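Here's a walk through one chain, section by section. Keep the model open and follow along.

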Amino acid sequence: RTVYVNGEYLPETEAKVSIFDRAFLMADGVYEVTSVLDGKLVDFDGHATRLARSLSELDMPEGPSRDELLEIHRELVRINEVTDGLVYLQITRGAPGDRDFVFPDPATTPPTVVLFTQSKPGLADDPKAKVGLSIVSVDDLRWSRRDIKTVQLLYPSMGKMIAKAQGKDDVWMVEDGHVTEGSSNNAYFIKGNTIVTRPLSNDILHGITRAAVLRFAEEAQMAVEERLFTIAEAQEADEAFITSASAFVMPVVEIDGVALGDGKPGPKAARLREIYLDESRKVAI
Ligand code: PLP
């Protein structure tokens, strides 16, 4: 695989970053994951806009321009012959040459920019969409700026391991009695004709897929209610689902051992998935 590091396209075995890189020592970096369908980028501009916001919230210098980023994404997709898959992008506060809590001067320490592709043939036909996910709830122990897409992923990673140890697929995190989001996705339930999901704030990542799916709700003739909700309420729902750039819309069929409805993926989440995939393919660049 060919990867991109600081202006160069290199074989992955030759790509190097410093041991003093702030992301390595302090998780001081941000990232984006953009999906590729039929060789095209889904919602590239949404990801580029969120990246710029993450950098700005952390007082990191502006990254490469939107057009430069698009060019790098496309070049990697082309070189690596990715039809379906993902492009991972990470920008860190660079490598100041020693360990220090104080931010380095960006004039002497440029950011580290890394991109690589992950080829996932059949990404849109994930068989999991036919069976649905089983979820367990855990306390949300992350920091309180989850709107910034940082590489601090230890707790979400531990969450996945908690789920796995119980033979389940993923976690929904809970704070003050209310669901925040999944380990790497936004969380929703459907009751009647209404999609319920937590409103945007610093408590959750502002999912690019979330924004798209809520836009498409109208096309699916569904209402949207953005409000806090509990695990108990979601367990009583007709359907539930998660969204992310890599999972698109993925049904949830069980929460903390309680089956939703008949325990099978429901028609409404399936319809939202179909609309999301169709519309995304149409506008992918
Ligand atoms: N919430 C969290 C914590 C995430 O890590 C992610 C994606 O990685 C999402 C939500 C979904 O965001 P998006 O739809 O932009 O992929």
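## A helix over the sheet

Helix H2 (44–57) lies across S3, S4 and S5, and runs at about 180° to S3. Keep in mind that this is a predicted model.

The sheet itself is an open one, with six strands in the order S2-S1-S6-S5-S3-S4 and antiparallel pairing. Strand S2 (8–11) and S4 sit at the edges with a single partner strand each, so one side of each has no neighbour in the sheet.

## Strand pairs in the sheet

Let's start at the S2 edge. Strand S1 (residues 2–5) pairs with S2 over four bridges, in the antiparallel sense. Within that pair, Val 3 has Leu 10 in S2 as its bridge partner.

Now over to strand S3 (residues 29–37), which is joined to strand S5 (residues 85–92) by eight bridges, again antiparallel. S3 also runs antiparallel to strand S4 (residues 40–41), and here two bridges make the link. Val 36 is a handy residue to click on: Gly 85 in S5 stands opposite Val 36, and Leu 41 is the bridge partner of Val 36 in S4. The hairpin of S3 and S4 has two residues between the strands, and Asp 38 in this hairpin takes a positive phi near 50°.

## Around the ligand

Which residues come nearest to the ligand? Out of 13 residues around the ligand, those are Leu 205, Gly 207, Ile 208, Thr 209 and Ala 245. As for the classes, the shell has seven polar, four nonpolar and two charged residues.

Helix H6 (208–216) and strand S13 (239–244) each put at least two residues into this shell. H6 provides the largest share, with three residues.

## What packs on H6

Which residues of H6 are buried? They are Ile 208, Thr 209, Arg 210, Ala 212 and Val 213. Ile 208 and Thr 209 have already turned up among the residues that come nearest to the ligand. The cover over the buried residues of H6 includes the helices H2 and H8 (267–283), along with strands S10 (186–191), S13 and S14 (248–255). So H2, which we met lying across S3, S4 and S5, turns up again here, as part of what covers H6.

The H6 and H8 pair is worth a look of its own. Their axes come within 10 Å and cross at roughly 105°. Angles of 65 to 115 degrees count as roughly perpendicular, and H6 and H8 therefore fall in that class. On the H6 side the contact involves Ala 212, Val 213 and Phe 216, which meet Leu 272, Ile 275, Tyr 276, Glu 279 and Ser 280 in H8. By class, this contact has six nonpolar residues, one polar and one charged.

## Met 222, after H6

Where does Met 222 sit? Its place is in the loop between H6 and strand S12 (223–226). Is Met 222 buried, exposed or partly exposed? Met 222 counts as partly exposed, because 17 C-beta neighbours lie inside 10 Å, while a buried residue would need 20 or more.

Leaving aside residues up to four places away in sequence, Met 222 touches Asn 193, Thr 194, Ile 195, Ala 217 and Lys 268. Lys 268 belongs to the H8 range, 267–283. Phe 44 is another matter: Met 222 and Phe 44 are 178 residues apart along the chain, and 26 Å separates their C-alpha atoms.

Conventions
Residues are numbered from 1 along each chain as its sequence is written. This is a predicted model: local features need pLDDT of at least 70, side-chain atom pairs count only at pLDDT 80 or more; totals for chains, interfaces and linings use all residues. A residue is near a molecule or strand if its C-beta atom, placed from the backbone, lies within 6 Å of it. Ala, Val, Leu, Ile, Met, Phe, Trp, Tyr, Cys and Pro count as nonpolar, Asp, Glu, Lys and Arg as charged, and the others, Gly among them, as polar. A residue is buried if 20 or more other C-beta atoms lie within 10 Å of its own, exposed if 12 or fewer, and partly exposed in between; C-beta atoms are placed from the backbone. Two residues are in contact if their C-beta atoms, placed from the backbone, lie within 7 Å. Two strands pair if DSSP finds at least two bridges between them. Axes are lines fitted to C-alpha atoms, for helices over the stretch in contact, and angles run from 0 to 180 degrees between N-to-C directions. Angles under 35 degrees count as roughly parallel, over 145 as roughly antiparallel, 65 to 115 as roughly perpendicular and the rest as oblique.
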